Amino acid sequence: MARKVMLVTGASAGIGAATARMAAARGFDIGVNYRSDAAGAEAVAADVRAAGGRACVLQADVADPGAVGAMFERLEADLGRLDVLVNNAGIVGPAARIDEMSANRLTEMFGVNVFGTIYCAQAAVRRMAQRNGGAGGAIVNLSSVAAQLGAPGQYADYAAAKGAVDVLTQSLALENADQGIRVNAVRPGIIDTAIHGKGGDPDRAARLGPQVVPMKRAGTAEEVAEAILWLASDAASYVTGEVIKVSGGR
Ligand code: NAP
């Protein structure tokens with residue numbers, strides 16, 4: 001049987017990289033998208049190939065609709081099909097109150113986390129939908145517990161963007177429930193990845209994990225990848241429009 005093809009956005013690091021590696025070990029060929037970390041993406045692609053999969057490294061800023069369109073075309077040309085999209089690429093900004101946030105920051109935050117998710121979902125649905133002759137598929141979006149808790153004084157813009165991802169997941173799921181496409185989301189809590197350092201607080205996961213998480217620790221990228229891969233798999237064949245928390249109880 002042909003291996004299925006999964007496109008993981010933001011697969012050069014963190015949760016996306018863990019998802020790509022785990023998916024390759026479970027039988028997927030992988031489109032490894034990244035924006036700037038070419039070495040990280042190539043390392044993930046090498047691991048995918050070592051696991052017996054095909055890998056296609058795809059540089060594209062998901063906030064750029066033209067780049068997203070070109071990325072899907074290259075994926076199809078190289079790997080021949082698309083079965084699963086993991087909308088994982090995401091950013092946070094430095095801690096700030098809402099009244100301190102610049103227009104540029106808000107534009108980038110929503111450009112990557114919301115518009116990027118929508119651009120990729122559009123391109124995937126156009127290919128997967130049975131109304132277009134597609135074979136169906138699955139989309140998994142990355143939300144955050146911040147969508148429910150907010151993030152006052154830290155990154156309320158990020159929390160609002162992830163709230164948009166939750167609602168988008170519900171609409172996309174219902175629009176495509178009879179098209180063979182399942183759309184779900186994962187809502188991670190505090191996960192030990194480099195994203196916290198990129199937001200200016202590299203020790204955030206180590207510091208807050210024992211303080212605010214009922215399980216008293218941060219999660220791992222692999223623990224989130226497990227939930228993503230279950231939602232992407234046929235084991236979740238009757239699950240759509242769902243958001244699964246992976247947060248140690250937070
Ligand atoms: P990470 O380690 O910082 O990795 C982020 C990935 O996204 C990198 O591969 C990065 O690629 C890519 N990326 C960023 N902007 C991009 C863009 N415009 N276009 C394409 N790729 C882009 O972050 P992470 O912790 O794994 O987070 C992954 C997802 O989980 C995000 O959506 C995040 O919001 C969500 N999440 C994380 C946590 C957490 O605690 N870690 C909690 C809740 C939700 P380059 O470096 O190559 O640019």
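In what order do the seven strands of the open sheet stand? Select the strands of this predicted model and read across them as S3-S2-S1-S4-S5-S6-S7, with parallel pairing in an open sheet. At the edges you will find strand S3, residues 55-59, and strand S7, residues 243-246, each of which pairs on one side only. Looking along the sheet, you can follow a twist that averages 20° from one strand to the next.

Next, select residues 28-34, which make up strand S2 and pair with S3 in the parallel sense over five bridges. Within this pair, valine 32 stands opposite valine 57 of S3.

Now add residues 103-128, helix H4, which lies across strand S4 (84-87), strand S5 (137-142) and strand S6 (181-188), and which runs at about 175° to S4.

From the helix, turn to the largest nonpolar core, a set of 37 residues in which Leu7, Phe72 and Ile139 touch the most other members. At least two residues of this core come from each of strand S1 (4-8), S3, helix H3 (65-79), H4, helix H6 (156-175) and S6, and H4 gives the most, with eight residues.

Centre the view on leucine 7 and display its contacts: leaving aside residues up to four places away in sequence, leucine 7 touches Gly31, Asn33, Leu58, Met71, Phe72, Leu75, Leu82, Val84, Leu85 and Val86.

As a last stop, select Ala45, Ala55, Ala225 and Ala227, which are among the 35 residues of another core that lies apart from the largest one.

Notes
Residues are numbered from 1 along each chain as its sequence is written. This is a predicted model: local features need pLDDT of at least 70, side-chain atom pairs count only at pLDDT 80 or more; totals for chains, interfaces and linings use all residues. Side-chain values use heavy atoms; hydrogens and water are left out. Two strands pair if DSSP finds at least two bridges between them. Helices (H or I, at least four residues) and strands (E, at least two) are DSSP runs, numbered from the N terminus. Axes are lines fitted to C-alpha atoms, for helices over the stretch in contact, and angles run from 0 to 180 degrees between N-to-C directions. Contact means heavy atoms within 4.5 Å. A nonpolar core is a set of buried Ala, Val, Leu, Ile, Met, Phe, Trp, Tyr and Cys residues joined through side-chain atoms within 4.5 Å. Buried means under 20% relative accessible area, exposed over 50%, partly exposed in between (1.4 Å probe, protein chains only).
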